[in-house]
Amino acid sequence: MEPIIQLGNKKVYPIIYKPTPNSRDSINCFLLEDAYSLTLIDAGIEQPHYKHFFREQLAAYGFQMHDISQILLTHHHNDHTGIVNDIVACKNIPVYASDKAIPRLRFDTNFLHYKIIFFEQLYEAYNVLHREAATQRIAKLNSTYQQHEQLKIQADILPLQQSQKLGDLCIHYFPGHSPDSIAFYDEATKWLFAGDVIFANSIPNALVDFDEQGELLPTVRQQQQSFHALQSFELSHVFAGHQPSFTNTKEVIEQSLKRMELKWQRIERVLQQGELTGQQLAQAVYGAKLDQAFIFVMSDIIGYTHYGEMQNKITINKENPVWLFNNKGR
């Protein structure tokens, strides 16, 4: 059982799950108790072992499933939504998420269909569509499309907007890791429930995604802007979706911005060698990780080359189906 964090009449009960004892990263969710409610912020992963762990943690804190009053989701990824359906099957409670999360949480078929086309075209442009890891990714997207009814959140999802208040919590958009990433800020306690906006010891991947018009989102620039926006908040404690929660917020934000700059510099240095395809660039920067962590590597390569183009630091020749990348400084 994790230590309880308390300030006034508010308590946070952390539920911290490590898939293996030596895992660097944990899957975190939090129970926030005040005088009126018990709120679950994020809901872990959909696995039998996790469900058992979650119930054990609730019991250790003196709670059961039916004590939960509402669920707040920081974003749509499946390591944050895992047991929502189990909880709402026990008790009909409200589920809140960003308005941008709705089609993703509902596994909307139009959205899923476009997602398959989007990634096929993007992976072709970066010359990786033929790789086994890309084939597996597209197959997984097709499988998700086929199983959308079973996978969707089985509850009405109430949309949240920027600056909306939900009790004492204020909603703030921090896109980058995902387009629907939001955090919940309690001004009285200076607590921030940040999901995957920021981590203590690394930066969250700015995962490739598209906007309502189907256009590639500037995920790296969004993440950079989100880190800068965090600097204006007075924060006493940040509860993160993975890795330990932290209190040295200023230092963590500065380190996060430096890590982003280092990622960009690695790509920029490789492009100084000459014109490359996206696959060649990914192999030069990440080596074997291209296949071992395909989604994350390609999100970095796609996101940072898009960022470099927006910053007028690189050019992308898009005349052919396979794009070519050049450093403007050459």
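Ala-183 is found in strand E10, which spans residues 182-186. The structure described here is a predicted model. With a relative accessibility of 0%, Ala-183 counts as buried, because buried residues are those under 20% relative accessible area. Leaving aside residues up to four places away in sequence, Ala-183 touches Cys-170, Ile-171, His-172 and Phe-174, as well as Leu-192, Phe-193 and Ala-194. Cys-170 lies 13 residues from Ala-183 along the chain, and the C-alpha atoms of the two are separated by 8.2 Å.

Burial also marks strand E3, formed by residues 27-33. Six of the seven residues of E3 are buried, so this strand is largely enclosed by the rest of the structure. Strands of a sheet pair through backbone hydrogen bonds, in either a parallel or an antiparallel manner. E3 pairs in the antiparallel sense with strand E2 (residues 10-17), over seven bridges. Within this pairing, Glu-33 in E3 is the bridge partner of Lys-11. E3 also pairs with strand E4 (residues 38-41), again in the antiparallel sense, over four bridges. Phe-30 stands opposite Ile-41 in E4. The connection from E3 to E4 is a hairpin of four residues.

A further sheet is formed by strands E13, E15 and E14. These three strands make an open sheet in the order E13-E15-E14, with antiparallel pairing. Its edge strands are E13 (276-277) and E14 (314-317), each of which pairs on one side only. E13 is joined to E15 (residues 324-327) by two bridges in the antiparallel sense, and Thr-277 stands opposite Leu-324 in E15. Helix H11 lies across E14 and E15, and runs at about 110 degrees to E14.

Helix H11 also takes part in the lining of an enclosed space. The structure holds one cavity of 30 Å³ or more, and the largest cavity has a volume of about 30 Å³. The residues that line the largest cavity are Val-220, Gln-224, Met-260, Glu-261, Trp-264, Tyr-304 and Tyr-307. Two or more of the lining residues come from each of helix H7 (219-230), helix H8 (249-271) and helix H11 (294-310). The largest share, three residues, is supplied by H8. By class, five of the lining residues are nonpolar, one is polar and one is charged.

An open space is also found in the model: the largest pocket holds about 1,600 Å³ of space. This pocket is lined by 46 residues, of which His-77, Asn-78, Asp-79, Leu-207 and Phe-296 are the closest to its centre. The elements giving two or more residues to the lining are helix H2 (84-90), helix H3 (102-105), H4, H5, helix H6 (148-151) and H11. H5 contributes the largest share of this lining, with five residues. The lining of the pocket divides into 17 nonpolar, 16 polar and 13 charged residues. H11 thus gives two or more residues to the lining of the largest cavity and two or more to the lining of the largest pocket.

Two loop residues have backbone angles that call for separate mention. Asn-127 has a positive phi of about 60 degrees, although it is not a glycine. Its place is in the loop between helix H4 (109-125) and helix H5 (132-146), and both of these helices give two or more residues to the lining of the largest pocket. Asn-127 is partly exposed, with a relative accessible area of 22%. This residue is assigned to the partly exposed class because that class lies between the limits of 20% and 50%.

Ser-163 likewise is not a glycine, yet has a positive phi of about 75 degrees. Ser-163 lies in the loop between strand E7 (157-160) and strand E8 (165-166). With a relative accessible area of 45%, Ser-163 is partly exposed.

Note on methods
Residues are numbered from 1 along each chain as its sequence is written. This is a predicted model: local features need pLDDT of at least 70, side-chain atom pairs count only at pLDDT 80 or more; totals for chains, interfaces and linings use all residues. Side-chain values use heavy atoms; hydrogens and water are left out. Buried means under 20% relative accessible area, exposed over 50%, partly exposed in between (1.4 Å probe, protein chains only). On a 1 Å grid over the protein atoms alone, a cavity is a set of points where a 1.4 Å probe fits but cannot get out, and a pocket is an open set with protein on both sides within 12 Å along at least five of seven lines; lining residues have an atom within 4 Å of a point. Grid points are joined across faces, edges and corners, and a volume is the space filled by probe spheres set on the points. Ala, Val, Leu, Ile, Met, Phe, Trp, Tyr, Cys and Pro count as nonpolar, Asp, Glu, Lys and Arg as charged, and the others, Gly among them, as polar. Two strands pair if DSSP finds at least two bridges between them. Contact means heavy atoms within 4.5 Å. Axes are lines fitted to C-alpha atoms, for helices over the stretch in contact, and angles run from 0 to 180 degrees between N-to-C directions.
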